[in-house]
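I opened a new notebook page for this model. My aim is to note what I look up, one entry at a time.

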Amino acid sequence: TLALGTAASVTLLLLGGSYWSSLQSLTDATPYLVQAALSGAGYFAVAFLAHQLAARLVMESERARQGQRAATVQKRVNELVIESLPDGVLIVDGHGWVRAANPAARELLGLQESVPISIDLKSQVGWTSLAQLARTSLGVGQPLEEQIRLEHAGQGARLVRARTRLAQPLGAEG
């Protein structure tokens, strides 16, 4: 509304200036009035296009906010589902770093619940078979399943049936 009002005001000023100058001189005012009218039409066109772009930007911004809210809700739902699974679930990136683990996986690996996850599978001595399975699965690009041996300091070894599933990479890290 402000842009259209400004375009109308400028157009009226241009037309008024052209008419006033035609009254002051005895020349034909038609070229000046046509030039003012075309300039005013251009101002209206620019104002209308700016309005259309602003409306589209507002619509896309709202759509992006809705998508972000939906993704947040989906992430929370996924976290709740993973937390309640009786199977241990580890989220491992392409570099072998554990990004998330549910309580069952923490128990299998002998990790405390309160400690945040930031573990390099390759650096854990008793988890070399788990790291090798993850590396092989990523290398061949296929899910794998095998029985592996996990060793814990002070607890002994534990045989575990491990399955890998590949997810689509998110962002630059994958």
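**Entry 1: terms.** Before the first look-up I need one definition. A helix axis here is a line fitted to C-alpha atoms over the stretch in contact, and the angle runs from 0 to 180 degrees between N-to-C directions. I also note that the model is predicted.

**Entry 2: the helix pair.** I looked up how helix 1 and helix 2 pack. Helix 1 covers residues 2–24 and helix 2 covers residues 30–84. Their axes lie 9 Å apart, at an angle of about 175°. Angles over 145 degrees count as roughly antiparallel, so helix 1 is roughly antiparallel to helix 2.

Next I listed who makes the contact. On the helix 1 side I found Ala3, Leu4, Ala7, Ala8, Val10, Thr11, Leu14, Leu15, Ser18 and Tyr19. On the helix 2 side I found Tyr32, Leu33, Ala36, Ala37, Ser39, Gly40, Tyr43, Phe44, Ala47 and Phe48. I then sorted this contact by class. It has 16 nonpolar residues, four polar ones and no charged ones.

**Entry 3: helix lengths.** I checked each helix against the span expected at 1.5 Å a residue. Helix 1 has 23 residues and reaches 33 Å from its first C-alpha to its last, close to the expected 33 Å. Helix 2 has 55 residues, which should span 81 Å. Its end C-alpha atoms are 81 Å apart, so the two values agree.

**Entry 4: burial.** Which residues of helix 1 are buried? I found Ala7, Thr11, Ser18 and Ser22. Helix 2 is among what covers them. In helix 2 the buried residues are Ala36, Gly40 and Ala47. These pack against helix 1.

**Entry 5: Thr11.** I picked one residue of helix 1 for a closer look, Thr11. Buried means under 20% relative accessible area. Thr11 has 10% relative accessibility, so it counts as buried. I set aside its neighbours within four places in sequence. That leaves Thr11 in contact with Gly40, Tyr43 and Phe44. Those three also appear on the helix 2 side of the helix contact.

**Entry 6: Asn78.** I also looked up Asn78, which sits in helix 2. Is it buried, partly exposed or exposed? Its relative accessibility is 39%, so it counts as partly exposed. I then took a distance along the chain. Arg63 is 15 residues from Asn78, and their C-alpha atoms are separated by 22 Å.

**Entry 7: the sheet.** I turned to the strands. Three of them form an open sheet in the order 1-2-3, with antiparallel pairing. The edge strands are strand 1 (90–92) and strand 3 (119–120), and each pairs on one side only. Strand 2 covers residues 97–101.

How many bridges join strand 1 to strand 2? I found three, and the two strands run antiparallel. One bridge matches Leu90 with Ala101 of strand 2. Strand 1 and strand 2 form a hairpin with four residues between them. Gly96 lies in that turn and has a positive phi of about 90°.

On the other side, strand 2 pairs with strand 3 over two bridges, again in the antiparallel sense. Val98 stands opposite Ile119 of strand 3. Trp97 has Asp120 of strand 3 as its bridge partner.

**Entry 8: recap.** I close with two points to keep. Helix 1 and helix 2 pack with axes 9 Å apart. The three strands make an open antiparallel sheet.

Key
Residues are numbered from 1 along each chain as its sequence is written. This is a predicted model: local features need pLDDT of at least 70, side-chain atom pairs count only at pLDDT 80 or more; totals for chains, interfaces and linings use all residues. Side-chain values use heavy atoms; hydrogens and water are left out. Angles under 35 degrees count as roughly parallel, over 145 as roughly antiparallel, 65 to 115 as roughly perpendicular and the rest as oblique. Contact means heavy atoms within 4.5 Å. Ala, Val, Leu, Ile, Met, Phe, Trp, Tyr, Cys and Pro count as nonpolar, Asp, Glu, Lys and Arg as charged, and the others, Gly among them, as polar. The expected span of a helix is 1.5 Å times one less than its number of residues. Buried means under 20% relative accessible area, exposed over 50%, partly exposed in between (1.4 Å probe, protein chains only). Two strands pair if DSSP finds at least two bridges between them.
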